[in-house]
Amino acid sequence: MPNPILLLLAVAVAAAAAGEGGGTPDPCAGRRIHIRRLPPRFNAQLLRHCDAAFPLADPSAPATSSPPCESLVNHGLGPRTHASSRSWYRTDTRLLEVFFHRRVAERGCLVADPALADAVYLPYYAGLDSLPYVLDPALLDSSAQHGAELAEFLARDKPQILARRHGHDHFLVLAGSAWDYSQPVRAEARLWGTTSLLRLPAFDNLTFLTLESRAWPWQEHAIPHPTSFHPASLPRLRAWLARARRSRRAALMLFSGGVSRPSRPNIRGSILAECANRTDACVVVDCSGGKCSHDPIRYMRPMLHAKFCLQPPGDTPTRRSTFDAILAGCVPVFFEDAAARRQYGWHLPPERYDEFSVYIPKESVVFGGVKIAETLAAVNETEVRRMRERALEMAPRVLYRRHGSTAELSEMAKDAVDLAVDGALRRIRKRVRALEDGEPERIYSLEDDAVAS
């Protein structure tokens, strides 16, 4: 008959082993990231010599813009809006790559050995590196070379890092619309203002985090446009959200953007025409000529006093104004799905858009005679308040909190960087499983890309 004491000892040893081994979950399982060390010419050098890079983009900066090199302060967040500000910055969207890099470097679960990593982050400032190609006429015909030097470096320097999973575990940030970087390599003549970065065969398997994705985003995924609000502590975030909640909303609707009338009928022209006839219901903030680019006070204050913020497409479907509106508790009004619902699934759950926004088909306004003000005025006040509250609940998900923020803030809610990295890791895990299972056709499926965790 077995000795009961020995049996008890055996159970105790097994329990202890389970606690030491499989009993405690590994918080870094599936989340280990290796930051690839790149030569300075791919990132830091672009900043060190900013006076040689940014004047190409700002040959005649408007009075409201920050001086080019000044935009680089605070790890790319830009200068504070005023001396006493601790959360508001004059953020230049083109520097998303810079402060994203700073935030990734703060994460836990970073590993020095790429062989132990679940994902490899490339701190390549692609948008900044594109400036000579897209703004210097002498380099227009060379724009297909954008990124070629990086591709050569990755293939030559420690090639096993890229080859291990054929690049499927690599991701990087691109501060712009994917459309601006997807011109065919052999296009003749070259299209002004674009490059072929996303068309380079060497980058086919990489995941790009862009401000706007194409209609078939197997290669990229959209992440929110950066706003000017970057809180570093939970009290500062809560103070702003409380202000947005209690703000009196005297205006029915607001449009902020360029005010030049289009030559052909479109939704923006219809909005401007209606606002001109309904000054009692509509506020227009003129952002023509970059007036609002580095001056958030110009549009955030009016947004705090409006119930609805109109989000018509411009040169491309998405707008930074969408995220400014969410932060202000100004209910976004969309006129096409591509403006947000088909873009930001990692940050704004597609199935919840009806909870925090209004959709009016642009065709019904431009050609069908639908009046925006009448449609919005018909929404009862209780429903408006509910949508505003839902928008403010979404706000922490779309803002980029400041680097070095408190643990209390980072533990309270995931921000735009956290959700973007989580989404990239999720996509990479799916692709790696497909490779390991010998089912490469699953690599490009998008069934989980809309998951907002």
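Leaving aside neighbours within four places in sequence, with which residues is W240 in contact?

## Contacts of W240

Beyond that sequence window, W240 touches W88, F229, M300, L304, L327 and A328, contact meaning heavy atoms within 4.5 Å.

## Basis of the model

This is a predicted model, in which local features need pLDDT of at least 70 and side-chain atom pairs count only at pLDDT 80 or more, whereas totals for chains, interfaces and linings use all residues. Residues are numbered from 1 along each chain as its sequence is written, and side-chain values use heavy atoms, with hydrogens and water left out.

## Nonpolar cores

The largest nonpolar core contains 39 residues, and W240, M300, M303 and L348 have the most contacts inside it. Such a core is a set of buried Ala, Val, Leu, Ile, Met, Phe, Trp, Tyr and Cys residues joined through side-chain atoms within 4.5 Å; buried means under 20% relative accessible area (1.4 Å probe, protein chains only). Domain 1 (29-57 + 69-231 + 399-452) and domain 2 (234-397) both contribute residues, so this core lies between them; the bounds come from an automatic or database domain assignment.

A second, separate core of 25 residues includes I33, F99, I223 and V417.

## The parallel sheet

Five strands (DSSP E runs of at least two residues, numbered from the N terminus) form an open, parallel sheet in the order β7-β6-β8-β9-β10; pairing requires at least two DSSP bridges. β7 (282-286) and β10 (358-359) stand at the edges with a single partner strand each, so one side of each lacks a neighbour in the sheet.

Strand β9 (residues 331-334) is joined to β10 by 2 bridges, and V333 stands opposite V358 in β10.

Methods:
Helices (H or I, at least four residues) and strands (E, at least two) are DSSP runs, numbered from the N terminus. Buried means under 20% relative accessible area, exposed over 50%, partly exposed in between (1.4 Å probe, protein chains only).
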